[in-house]
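Student: Could you take me through one loop of this model in close detail? I should then like to see how the account connects to the remainder of the fold.

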Amino acid sequence: MLLNISIALTVFMGLASGGMLSLILMANRRQQTLITLMLVGMMVLALAGLGVSAILIENVAAGLTNGAVLFVLSFALGYSLTTFSVLSPGRRKRVVNAPSQQTGRTAVICLSQGEPPEYDVRSAVRRLELTDDPQEAPLLLLRPFYMRDLKGKYVAIGGSPYRGYQTELAKQVQARLESNYRVYSAFYTDAPGYAEQVCNAIEDGASRIVVVHVRVTEPPDAVRLGDVLEGLNPESYGVQMAQVGPLSDSALLPQIYVRRVLEVLPHVDAHAHDIGLLLAGRGNAAKGQPAEVRREQEEEFQQRVRQALAEAGFDERRIAIGWLRNPPVVAEALRSLVGLGCKSVYWMPSSYPADGVNTLYDMPAQMNALAREQGVKLVALGAWNGDELAAEEIATRVRAATGMPAGRSL
């Protein structure tokens, strides 16, 4: 009887311990301490059960071996079950309290990937579900370790400003549109979500919704095709839907970086031949047509920025392009500028709509060691964020999509 109890204790605590490890890797830092204490307690009980069962068996070595195997198998099972449970996508159908009549207003939803100010488990799950290149996402059972690393990046940068910048951009767009437009910001990996804001627009009486993809490349297929609307069908409420973007062909957005470089140069104590410009992008290392399309769009946009800077008088040889995910990576692009004698490098995540983990942690992590080694001064000029030129570009495209010239109301 006692032997059965000790074996059951080992198995049960092994299952629980594996689950706790998965939760520790994925949970936010405030929850980690409590879960860690629970894990330690469960491990102690599991080892106690293992020791008792080994003592009760005549061959202690065989008992320890069998107990250890049971513990490892149950631990792995507990880890797997918890990981599957937490990472399983949750979906629900939206219920809309539609107004009795429409206002004739056009809702504009500025939609971007999104990134919460602090690490959030559900957002991290959605980040992996809706990545541009699903084949680049880690295997399911390895995703808790990805989320642990993501937590560390949040700690290193002190929180992400992404949501705040995109909210400010939406306000700037609203200020440039007429009174019969109402602008909402929405995200597909953060709050407020895409489906939530579409629902709000319908409930506010919108007769038309224009979704602006605030990015330079095609969004993930699930976003583009509306699969993330959680069962919501705007057309069933008499609301027309239109999509605008991506913005890779913009002639205005590259001027953001022409202006920013021109603004900082008068304050730089360096000769022109000592200065290099580095255009940093996400890049795409995946294969297949969607990945190729996104790669071409981002490369096209970066070349537009490069050309705009060259036309403003900057030496084109000292304008390098680097990528986060495929060669030449940003560190290689920086090395090429160092080879040309550049002592100060202004780097711009020019294809990113807002600063976040990628631009504040991942890219500097690639470049900082080389910059220190070579004595190069790195200056970040930021993503688009809430820049007025980005707002003007979006407002212009919204008017074009709704057939309205500038300065006129619907």
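Tutor: N385 is found in the loop that runs between β8 and α13; helices (H or I, at least four residues) and strands (E, at least two) are DSSP runs, numbered from the N terminus. The model is predicted, and local features need pLDDT of at least 70, side-chain atom pairs count only at pLDDT 80 or more, while totals for chains, interfaces and linings use all residues. Residues are numbered from 1 along each chain as its sequence is written, and side-chain values use heavy atoms, with hydrogens and water left out.

The backbone of N385 has a phi near 55°, a positive value in a residue other than glycine. Most residues other than glycine have a negative phi, and most peptide bonds are trans. N385 is buried, with a relative accessible area of 8%; buried means under 20% relative accessible area, exposed over 50%, and partly exposed in between (1.4 Å probe, protein chains only).

The same loop, between β8 (377-380) and α13 (388-401), holds W384, whose partner F301 lies in helix α10, 83 residues apart. F301 and W384 form a tilted aromatic pair, 6.2 Å centre to centre with 50° between the planes. Rings of Phe, Tyr and Trp (its six-membered ring) pair if their centres lie within 6.5 Å; planes under 30 degrees apart count as stacked, over 60 as edge-to-face and the rest as tilted. Both F301 and W384 are buried.

The partner helix merits its own description. The 23 residues of α10 should span 33 Å at 1.5 Å a residue, and its end C-alpha atoms are 33 Å apart, which agrees; the expected span is 1.5 Å times one less than the number of residues. The buried residues of α10 include R294, R295, E298, F301, Q302 and R306, along with nonpolar ones such as A291, V305 and L309. Among the elements that cover these buried residues are α8 (221-224), α9 (255-264), β5 (275-281), β6 (319-323) and β7 (344-348). Just after α10, G313 takes a positive phi of about 110°.

Helix α10 (289-311) also belongs, with α4 (121-129), α5 (143-157) and α12 (357-374), to the elements that give two or more residues to the lining of the largest pocket. A pocket is an open set of points on a 1 Å grid over the protein atoms alone, with protein on both sides within 12 Å along at least five of seven lines; a cavity is a set where a 1.4 Å probe fits but cannot get out, and lining residues have an atom within 4 Å of a point. The largest pocket has a volume of about 780 Å³; grid points are joined across faces, edges and corners, and a volume is the space filled by probe spheres set on the points. Its lining has 40 residues, and Q113, R127, R282, R325 and N358 lie nearest the centre. By class, that lining has 15 nonpolar, eleven polar and 14 charged residues. Ala, Val, Leu, Ile, Met, Phe, Trp, Tyr, Cys and Pro count as nonpolar, Asp, Glu, Lys and Arg as charged, and the others, Gly among them, as polar.

R127 appears again in the lining of the largest cavity, together with E115, P116, Y119, D120, S123, A124, L150 and Y154. About 40 Å³ of space lies in this cavity. Helix α4 gives the most to its lining, with three residues. The classes there are five nonpolar, one polar and three charged residues.

Helix α5 also takes part in another aromatic pair. Y79 and F145 form a tilted pair, 6.5 Å centre to centre with 40° between the planes. Y79 lies in helix α3 (residues 60-87) and F145 in helix α5, so the pair ties together parts that are 66 residues apart in sequence. Y79 is buried at 11% relative accessibility, whereas F145 is partly exposed at 33%.

Other loops hold further backbone features. E230 also has a positive phi, of about 55°, although it is not a glycine. E230 sits in the loop between α8 and β4 (240-244) and is partly exposed at 22% relative accessibility. A cis peptide bond joins P327 and P328, with omega about -5°, and P328 lies in the loop between β6 and α11 (330-339). Another cis peptide bond joins A191 and P192, with omega about 0°; P192 is placed in the loop between β2 (181-187) and α7 (194-203).

Definitions and conventions: Contact = heavy atoms within 4.5 Å.
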